[in-house]
Amino acid sequence: MTDSLEQERNTLWLRVEELTGVIFINHNEPPEILSEYSDEAKETIEKLKNVHQRINNRADVRRLSKMMKELNNDGEMTAE
């Protein structure tokens, strides 16, 4: 099941493709904003970039939390 951020990302990708007339094969990174895109397309790409960043930040926090737990469990580091 996808969460709300992933649903928002998928919706924005569809909208970007609709507004630009381009089908993007790689959805791992948002497209560059080109001058020939409409203002609405540019705005939607910016929103997509923000959602991608929020998803990446969340993943980074989860990785860091897991690393901290592993270090704490090994007795090598304590949270102070």
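Visitor: Let's start with one residue. In which helix does Thr 44 lie?
Guide: Happy to help, and please keep in mind that this is a predicted model. The helix that holds Thr 44 is α2.

Visitor: Is Thr 44 buried or exposed?
Guide: The cut-off to keep in mind is that buried means under 20% relative accessible area. Thr 44 has a relative accessibility of 7%, so this residue counts as buried.

Visitor: Which residues does Thr 44 contact, leaving aside neighbours within four places in sequence?
Guide: A good place to look is helix α1, which covers residues 4-20. The C-alpha atoms of Thr 44 and Leu 12 are separated by 6.7 Å, although these residues are 32 apart along the chain. With the neighbours within four places in sequence left aside, the contacts of Thr 44 are Leu 12, Arg 15, Val 16 and Leu 19.

Visitor: How many helices and strands does the protein chain have?
Guide: Helix α1 takes in residues 4-20 and helix α2 residues 39-73. The secondary structure of the chain comes to two helices and, for strands, zero.

Visitor: Is α1 roughly parallel or antiparallel to α2?
Guide: The axes of α1 and α2 come within 9 Å and cross at roughly 155 degrees. Angles over 145 degrees count as roughly antiparallel. The orientation of α1 relative to α2 is therefore roughly antiparallel.

Visitor: Is the crossing of α1 and α2 left-handed or right-handed?
Guide: Let's take the two helices together again: their axes cross at roughly 155 degrees. The hand of this crossing of α1 and α2 is left-handed.

Visitor: How many nonpolar, polar and charged residues does the contact of α1 with α2 have?
Guide: On the α1 side, the contact includes Leu 5, Leu 12 and Trp 13, while Ile 45, Leu 48 and Val 51 are among the residues from α2. Charged residues take part too, including Arg 9 of α1 and Lys 47 of α2. By class, the contact has 10 residues that are nonpolar, three that are polar and, for charged residues, eight.

Visitor: What is the relative accessibility of Lys 47?
Guide: Lys 47 is part of helix α2. Its C-alpha is 9.6 Å from that of Glu 8, with their positions 39 residues apart in sequence. Lys 47 counts as partly exposed because its relative accessibility is 44%.

Visitor: Which residues does Glu 6 touch, not counting those up to four places away in sequence?
Guide: Glu 6 sits in helix α1, and at 23% relative accessibility it counts as partly exposed. The C-alpha atoms of Glu 6 and Val 51 are 8.3 Å apart, with the two residues 45 apart along the chain. Not counting residues up to four places away in sequence, Glu 6 touches Ile 55 and Arg 58.

Visitor: What is the relative accessibility of His 52?
Guide: His 52 belongs to helix α2. Not counting residues up to four places away in sequence, His 52 touches Arg 9, Trp 13, His 27, Asn 28, Glu 29 and Pro 30. His 52 counts as buried because its relative accessibility is 8%.

Visitor: Now for the whole chain: what percentage of its residues count as buried?
Guide: The chain exposes about 6200 Å², and carbon and sulfur atoms supply 50% of that area. Of its 80 residues, the share counted as buried is 21%.

How values were computed:
Residues numbered from 1 in each chain as written. Predicted model: local features only at pLDDT ≥ 70, side-chain atom pairs only at ≥ 80, totals over all residues. Heavy atoms only, no water. Axes fitted to C-alpha atoms, helices over the stretch in contact; angles between N-to-C directions. Helix = DSSP H or I, 4+ residues; strand = E, 2+ residues; numbered from the N terminus. Parallel < 35°, antiparallel > 145°, perpendicular 65-115°, else oblique. Left-handed = near helix turned anticlockwise from the far one by under 90°. Contact = heavy atoms within 4.5 Å. Nonpolar A, V, L, I, M, F, W, Y, C, P; charged D, E, K, R; others polar. Buried < 20%, exposed > 50% of the residue type's maximum accessible area, 1.4 Å probe, protein only. Areas by Shrake-Rupley, 256 points an atom, 1.4 Å probe, with all protein chains shown as cover.
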